[in-house]
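Hi,

Here is the structure I promised to pass on. Have a look at it first, and then read my notes underneath.

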Amino acid sequence: MAQSVLTIDLGAICANWRALAAMNAGQTAAAVKANAYGLGAAKVVTALADTGVRTFFVAQAEEGVVIRQALGPGPTICVFGGHMHGDAPLLRDANLVPMINSIDQMLRHVESLPAHPFGIQLDSGMNRLGMEPGEWSALRDIALGQKPVLVMSHLACADEPNHGMNAFQLQTFRQMTDGIDAPRSLAATGGTILGPDYHFDMTRPGVGLYGCLPFFDARPVVSLDIPVIQVRDVNPGESVGYGNSWVARVPGRIATISAGYADGIIRAMGPKAYVWAGETRCKIVGRISMDLIGVDVSAVQDMPDMVELLGRHQTVDSLADAAGTIGYEILTSLGTRYTRRYISS
Ligand SMILES: *Cc1c(COP(=O)(O)O)cnc(C)c1O
């Protein structure tokens, strides 16, 4: 079998949620957008609900429908994108709570789904989603009169604890919401770690659940093992892969492993990335192909059947460094060609 094995530890996801929940006094929700950051929404939300998560966040109503099918009635499912044109039947039938982002969305919501629950998203400085202070002051009394289930905003720089933007957004959010009756939420993973000033009534971590920074103490969640298809000797002067971009300078051994950029192994990371054959670190050599990668295994004594790209020796964040990106992008790029194995350790 030439299929790589992606192992997802649901027990570690739940342990990470409990650890983040223990940091704050209010409710701890879970961000499960983009198929639970690529790890499989149905499996992840079922495990999290069993652990005690009562509120889930997705980006789009269509994602919320999938989560509702997995969870059944009961848990609250909120949609960051709010109430978009055409969403009303989805929001109604799957009982989803849109986070209303603008006066236009508010009008659409009260016209098409009067009495259907909603939340409010405010822009406290990120300029991405939510009502700005001026828009909010125009709508505030009417919106609060309809009893939003949540009033939230999002931090732009929470992964940098000393960034002045954090205090600025906190102050802006407070100015916009102090004294209201509705529950408030500002923090994702980074904001949870910033401390109690940022917690309000609910936190909504995502990436920390999946074992990534900025949650330093997270338990790792994913491992990825890739089968070795072929091993060959190379002589000095022989090249490996497309474009002859790597040329052997000494006699060596090259393993060809069965995964590539079609599986989310970002081509740009090639020159800086490693895999592990047992306890031996092996450099990726030559260009990453669509389905195949060359690896220098000259130092390996006993060639294993599989090499590790993610796991005990290499975290999602260290691989992200090699690719010049962030853990979020590595996770959400993980391909559909893997055998996905769910464990609970
Ligand atoms: C994605 C997202 C979250 C979760 O963020 P993490 O950094 O993954 O913890 C929370 N709130 C909003 C608005 C988001 O878009």
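Below is what I found, going from the domains down to single residues. One thing to keep in mind throughout is that this is a predicted model.

Domains first. The protein splits into domain 1, residues 10-210, and domain 2, residues 222-343. Their C-alpha centres sit 37 Å apart. On the contact itself, domain 1 contributes 10 residues and domain 2 contributes eight residues. About 840 Å² is buried between the two domains, and carbon and sulfur atoms give 67% of that. On the domain 1 side, Y37, L39 and V207 lose the most area to domain 2, and together they make up 51% of what that side buries.

Y37 turns up again when you look at the backbone. Its place is in helix 2, and its phi is positive, about 55°, although it is not a glycine. Is Y37 buried or exposed? With a relative accessibility of 6%, it counts as buried, because the cut-off for buried is under 20%.

Helix 2 covers residues 33-37, and K33 belongs to it too. This is the residue I'd click on early: an unreviewed UniProt entry annotates K33 as "modified residue: N6-(pyridoxal phosphate)lysine". K33 has a relative accessibility of 25%, so it counts as partly exposed. Setting aside residues up to four places away in sequence, K33 touches F57, V58, A59, E63 and F80.

Next, helix 1, which runs over residues 10-21. How far apart should its ends be? At 1.5 Å a residue, its 12 residues should span 16 Å, and the end C-alpha atoms are indeed 16 Å apart, so the two values agree. The helix is mostly covered, with 10 of its 12 residues buried. The buried ones are L10, G11, A12, I13, C14, A15, N16, W17, L20 and A21. And what covers them? Among the elements that do are strand 1 (5-9), strand 2 (27-28), helix 3 (41-51), helix 9 (189-194) and strand 19 (339-343). At the start of helix 1, a side-chain oxygen of D9 comes to within 3.0 Å of the backbone nitrogen of G11.

N166 is another one to look at. You'll find it in helix 8, residues 164-177. Its relative accessible area is 1%, so N166 is buried. Leaving out neighbours within four places in sequence, N166 is in contact with L155, C157, A158, E160, P161, L194 and Y198.

Finally, some backbone geometry to check if you set up any calculations. Most residues other than glycine have a negative phi, and most peptide bonds are trans. Besides Y37, there is N127, which is not a glycine either but has a positive phi of about 60°. N127 lies in the loop between strand 7 (119-121) and helix 7 (133-145). Its relative accessible area is 58%, so N127 is exposed, whereas Y37 is buried. As for peptide bonds, the one joining L213 and P214 is cis, with omega about 10°. P214 is in the loop between strand 10 (202-203) and strand 11 (222-234).

Over to you!

Note on methods:
Residues are numbered from 1 along each chain as its sequence is written. This is a predicted model: local features need pLDDT of at least 70, side-chain atom pairs count only at pLDDT 80 or more; totals for chains, interfaces and linings use all residues. Side-chain values use heavy atoms; hydrogens and water are left out. UniProt positions are given in the numbering used here, feature names are shortened, and annotations may be inferred rather than shown by experiment. Helices (H or I, at least four residues) and strands (E, at least two) are DSSP runs, numbered from the N terminus. Buried means under 20% relative accessible area, exposed over 50%, partly exposed in between (1.4 Å probe, protein chains only). Contact means heavy atoms within 4.5 Å. The expected span of a helix is 1.5 Å times one less than its number of residues. A polar contact is a pair of N or O atoms within 3.5 Å; within protein, one must be able to donate a hydrogen and the other to accept it, and residues adjacent in sequence count only if both atoms are side-chain atoms. Domain bounds come from an automatic or database domain assignment. Buried area is the accessible area (1.4 Å probe) that two parts lose on being put together, summed over both.
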